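The following exercises treat a two-chain structure through its contacts, burial and helix packing. Each task is followed by a solution in steps.

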Amino acid sequence: MARSGSSLGSWQWQRIVRNMFPLLVVLSGIVLIAGITLEDAEELLNEYGLLAVMVPTMVGMGGNLGAILSARLSTRFHLGMTELDPRDRDLWANILAILALAATVFTAQAVGAYIIGFFIGSSLGLGTLLFISLVSGMSLAVIAIVFSFAATYVSYQLGIDPDDTTIPIVTNVVDVFGMIIFIGVSGLVLGF
Amino acid sequence: MSVREDIWKIYRESLPILFVALGGGLFSGIVLEGLTDSVERFPGLLVMVPVFLATRGNVYGALGGRISTGLHQGLIDPEFEYDERLVNAVIASLVNGIGISIFIGFLTWLVLSVLPGWEAAQLVELVGIMFFAGFLTSFLMIVGLLGIIFAGFNYGYDPDNLVGPIVTTLGDIFGMLFMILSVWLVGVLL
């Protein structure tokens, strides 16, 4: 048994659990803030059910955008391009692409939610949905960009592979911001 | 390449994946809208939703990443057959996925009981909902994730590009569906 265990190396299940479970506990604690924000907004969600439809995307999409950028940045660092020069055109291309993706996806989300609204009966107009989705979404994209840069840079400085810890932490922290911003913007727009 | 061409390339490569995630997110949002009616009965239910969905991504994103690296390195074969590495990776994801779900139920109950002005459902109710939801989602995620990664790999797709969108979409949709099922189940049983 001991021999087969050692030949498995990093694939041994006890070892995977031991390495990962503590990180999962920390991440759950972080995302719990998003959960409390959501439960606190229960009245708002009961009044405007369509907002609940948008919640999973608002929570997940910032993390997705951050993950795309972090993966590209960490590849850059692995390839030896470790300078973050504000005149670097390649960096700006990455940032502008993320912002363009965010604008597209969050516009599509508002339109999708508007169509779903016909089926579940909603009083929210397309203009209101676009405003809420784009203001929250673009703010979130900026936060995702800032955190991705900071995390990739810090983990490179500390010699940690970003894939192991940095990306999960960044995506979960950005999830929390997504929820707080979305509920905050919705509350302001709808006067709650 | 000009900056404009660079932007267009990144945009074009990433947009389909994000649209898949958007579709999954909106569908699970419809399920969540149905779940908000049960909050009166189980206070703390909405607290667990984002945490539960996030851990699906964390646990099965890690499993997918590991399998995809294993396939690239030739350490595992893209088939459903007994393989010690594959079995260990799957057991680890089951222990992590179900274990952290139980922990989420406990943590939610603890935090809401301590915070002034908040109320929580009974510990056994919150943990029960998370246990059933975590248990059912884990089995479906493992079979779905491995099936799609193996099929994709055999057809010549890079599994690295498949893992993210599969995990997000399957996790969102089935995480919410199994959560609503678990709420019903716990309501009937307890």
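**Exercise 1. Determine where Leu8(A) lies, how far it is buried or exposed, and which residues it touches.**

Step 1. Leu8(A) belongs to helix α1 of chain A, residues 2–8; helices (H or I, at least four residues) and strands (E, at least two) are DSSP runs, numbered from the N terminus.
Step 2. There are 17 other C-beta atoms within 10 Å of Leu8(A), so the residue is partly exposed. A residue is buried if 20 or more other C-beta atoms lie within 10 Å of its own, exposed if 12 or fewer, and partly exposed in between, with C-beta atoms placed from the backbone.
Step 3. When residues up to four places away in sequence are not counted, Leu8(A) touches Glu84(B), Arg85(B) and Asn88(B). Two residues are in contact if their C-beta atoms, placed from the backbone, lie within 7 Å.

The model is predicted: local features need pLDDT of at least 70, side-chain atom pairs count only at pLDDT 80 or more, and totals for chains, interfaces and linings use all residues. Residues are numbered from 1 along each chain as its sequence is written, while chains are lettered from A and ligands numbered from 1 in the order in which they are written.

**Exercise 2. Describe the fold of chain B in outline.**

Step 1. Chain B contains five helices and zero strands, and its elements follow the order α-α-α-α-α from the N terminus.
Step 2. The C-alpha trace of chain B spans about 55 × 45 × 25 Å along its principal axes.
Step 3. Of the 190 residues in chain B, 50% are buried.
Step 4. Among contacts in chain B with a separation of 6 or more, 78% join residues 24 or more positions apart.

**Exercise 3. Analyse the contact between chain B and chain A from the side of chain B.**

Step 1. Chain B contributes 49 residues and chain A 56 residues.
Step 2. On the side of chain B, two or more residues are given by each of α1 (3–35), α2 (45–72), α3 (84–114) and α5 (159–189). The largest share, 17 residues, is that of α1(B).
Step 3. By class, this side of chain B has 31 nonpolar, 13 polar and five charged residues. Here Ala, Val, Leu, Ile, Met, Phe, Trp, Tyr, Cys and Pro count as nonpolar, Asp, Glu, Lys and Arg as charged, and the others, Gly among them, as polar.

**Exercise 4. Establish how α4(A) and α5(B) are oriented and which residues join them.**

Step 1. The axes of α4(A), residues 49–78, and α5(B) come within 12 Å and cross at roughly 170°. Axes are lines fitted to C-alpha atoms, for helices over the stretch in contact, and angles run from 0 to 180 degrees between N-to-C directions.
Step 2. The two helices are therefore roughly antiparallel (an angle over 145 degrees).
Step 3. Pro56(A), Gly60(A), Asn64(A) and Ala67(A) of α4(A) meet Gly164(B), Thr168(B) and Asp172(B) of α5(B). By class, the contact has two nonpolar, four polar and one charged residue.
Step 4. Thr168(B) counts as buried because 28 C-beta neighbours lie inside 10 Å. Leaving aside neighbours within four places in sequence, Thr168(B) is in contact with Gly60(A), Asn64(A), Ala21(B), Gly24(B) and Gly57(B).
Step 5. Thr168(B) and Ala21(B) are 147 residues apart along the chain, yet their C-alpha atoms are separated by 6.1 Å.

**Exercise 5. Characterise the packing of α6(A) against α5(A) and against α7(A).**

Step 1. The axes of α5(A), residues 89–120, and α6(A) come within 8 Å and cross at roughly 150°, and these helices are therefore roughly antiparallel.
Step 2. The contact of α5(A) with α6(A) has 16 nonpolar, four polar and no charged residues.
Step 3. The axes of α6(A), residues 126–158, and α7(A), residues 166–190, come within 9 Å and cross at roughly 155°; this pair is therefore roughly antiparallel. The contact of α6(A) with α7(A) has 17 nonpolar, nine polar and no charged residues.

**Exercise 6. Which residues touch the most other members of the largest nonpolar core?**

Step 1. A nonpolar core is a set of buried Ala, Val, Leu, Ile, Met, Phe, Trp, Tyr and Cys residues joined through C-beta atoms within 7 Å.
Step 2. In the largest such core, of 112 residues, Leu65(A), Ile98(A), Met48(B) and Phe52(B) touch the most other members. The largest share of this core, 15 residues, comes from α2(B).
Step 3. Outside four places in sequence, the contacts of Met48(B) are Gly35(A), Ile104(B), Gly105(B), Thr108(B), Leu126(B) and Met130(B).

Technical notes: Angles under 35 degrees count as roughly parallel, over 145 as roughly antiparallel, 65 to 115 as roughly perpendicular and the rest as oblique.
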